[in-house]
Amino acid sequence: YKNMTWTKIKMAIAVDKKIYDFTSPLSLLGFDYLSLYGRLRYGLFGAYVLTLMNPAKIKNATDADSWLKTYAGKEVRDKLFYNLYAKNKFDIPLEQISAKQFAFRLKAGEALGRFGYPPEGLQELVSRFESDLVKKGCKIKKDYNVKSVDVNKKTVDGVKYDVIINTIPPPEFLKVAKGLPDHYVSKVSKIRYSPVITVTFATKNFLDKHYWVNIFNERIGML
């Protein structure tokens with residue numbers, strides 16, 4: 001994609017009516033939401049994540065709650081990662097989050113990476129992707145209400161396909177799917193979805209210098 005703008009983002013944490021920059025090691029010094037000992041533990045944990053940590057070696061059965069207590073400490077786990085992940089991102093207890101999956105996210109440095117911005121906006125990126133697929137012979141149906149998916153016959157509403165890739169949320173997919181194994185249905189039925197309400201508004205001036213602000217201990221989780 002030509003003319004793509006690549007830039008590092010700025011992330012912040014808002015708690016107790018204060019906004020803390022959270023994108024550099026130096027910003028950690030002023031993060032008095034954590035005690036001095038907590039800031040030290042978090043700094044050491046961050047260094048461990050970026051250098052020595054190997055997520056692949058974490059046992060599959062290990063949960064994020066116990067893993068964070070061991071490597072980051074109780075205060076950092078309870079005051080920081082509980083709000084960032086258990087509450088704001090997944091809305092499930094840390095005990096139900098895989099430590100291995102969690103560690104891979106940390107290792108990827110999602111808050112420290114570079115983000116790409118198409119000059120015409122994301123819709124231009126989607127439109128070009130759509131156009132390229134059509135040129136290659138793909139047929140795209142929009143605003144289509146799927147009534148039946150037979151995974152054994154590989155059909156969608158009676159039309160056969162070589163491959164079916166599902167990205168429908170499991171609760172909705174189970175309503176239209178046929179031929180799924182009982183053990184799979186039982187397992188997927190246990191997935192609990194967390195609703196998200198997004199409000200979009202415009203202002204004449206920037207509200208803050210950060211790309212996103214994580215908000216702790218409030219009904220709103222992110223700005």
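Modeller: Let us begin with a definition: two strands pair if DSSP finds at least two bridges between them. Helices (H or I, at least four residues) and strands (E, at least two) are themselves DSSP runs, numbered from the N terminus.

Biologist: What kind of model is this?

Modeller: This is a predicted model, in which local features need pLDDT of at least 70 and side-chain atom pairs count only at pLDDT 80 or more, while totals for chains, interfaces and linings use all residues. Residues are numbered from 1 along each chain as its sequence is written, and side-chain values use heavy atoms, with hydrogens and water left out.

Biologist: What is the mean pLDDT of the protein?

Modeller: The mean is 91, and 99% of the residues reach 70 or more. The term pLDDT stands for the predictor's confidence in each residue, from 0 to 100.

Biologist: And where is confidence lowest, and where highest?

Modeller: Confidence is lowest in strand 4 (residues 114-117), with a mean of 83, and highest in helix 2 (residues 64-71), with 97. As a general caution, predicted coordinates should not be read in detail where pLDDT is low.

Biologist: Back to strands. In what order do the 3 strands of the open sheet come?

Modeller: The order is 3-2-9, with mixed pairing. Strand 3 (18-21) and strand 9 (212-215) are the edge strands, each pairing on one side only.

Biologist: How many bridges join strand 2 to strand 9?

Modeller: Strand 2 (residues 11-15) is joined to strand 9 by 4 bridges, and the two run parallel. Across these strands, A12 stands opposite V213, and I13 stands opposite N214.

Biologist: In which sense do strand 2 and strand 3 pair?

Modeller: They pair in the antiparallel sense, over 4 bridges. A14 has I19 in strand 3 as its bridge partner.

Biologist: How many residues of strand 2 are buried?

Modeller: In strand 2, 5 of its 5 residues are buried. Buried means under 20% relative accessible area, exposed means over 50%, and partly exposed lies in between (1.4 Å probe, protein chains only). In a regular strand the side chains alternate between the two faces of the sheet. Here both faces of strand 2 are covered, with M11, I13 and V15 buried on one side and A12 and A14 on the other.

Biologist: What about the hairpin of strand 2 and strand 3: which residue takes a positive phi near 55°?

Modeller: That residue is D16, in a hairpin with 2 residues between the strands. K17 lies in the loop between strand 2 and strand 3 as well, and its phi is near 65°, a positive value in a residue other than glycine. K17 counts as exposed because its relative accessibility is 90%.

Biologist: Now the other open sheet. In what order do its 4 strands come?

Modeller: The order is 7-6-5-8, again with mixed pairing. Strand 7 (159-160) and strand 8 (177-178) stand at the edges with a single partner strand each, so one side of each has no neighbour in the sheet. Strand 6 and strand 7 run antiparallel and are joined by 2 bridges; T155 has K160 in strand 7 as its bridge partner.

Biologist: A change of topic: how many aromatic pairs are there?

Modeller: The count comes to 18. Rings of Phe, Tyr and Trp (its six-membered ring) pair if their centres lie within 6.5 Å; planes under 30 degrees apart count as stacked, over 60 as edge-to-face and the rest as tilted.

Biologist: Why is the pair F22 and F31 edge-to-face?

Modeller: The ring centres of F22 and F31 are 5.0 Å apart and the planes stand at 65°, so the pair is edge-to-face. Both F22 and F31 are buried. The pair of F45 and F81 is edge-to-face too, because the planes stand at 75°, with centres 5.7 Å apart. This pair links distant parts of the chain, with F45 in helix 1 (residues 36-50) and F81 in helix 3 (residues 74-87), 36 residues apart. F45 and F81 are buried.

Biologist: One last point: how far apart are the end C-alpha atoms of helix 5?

Modeller: They are 20 Å apart, which agrees with the 20 Å that the 14 residues of helix 5 (residues 122-135) should span at 1.5 Å a residue. The expected span is 1.5 Å times one less than the number of residues. Just after helix 5, G137 takes a positive phi of about 95°.
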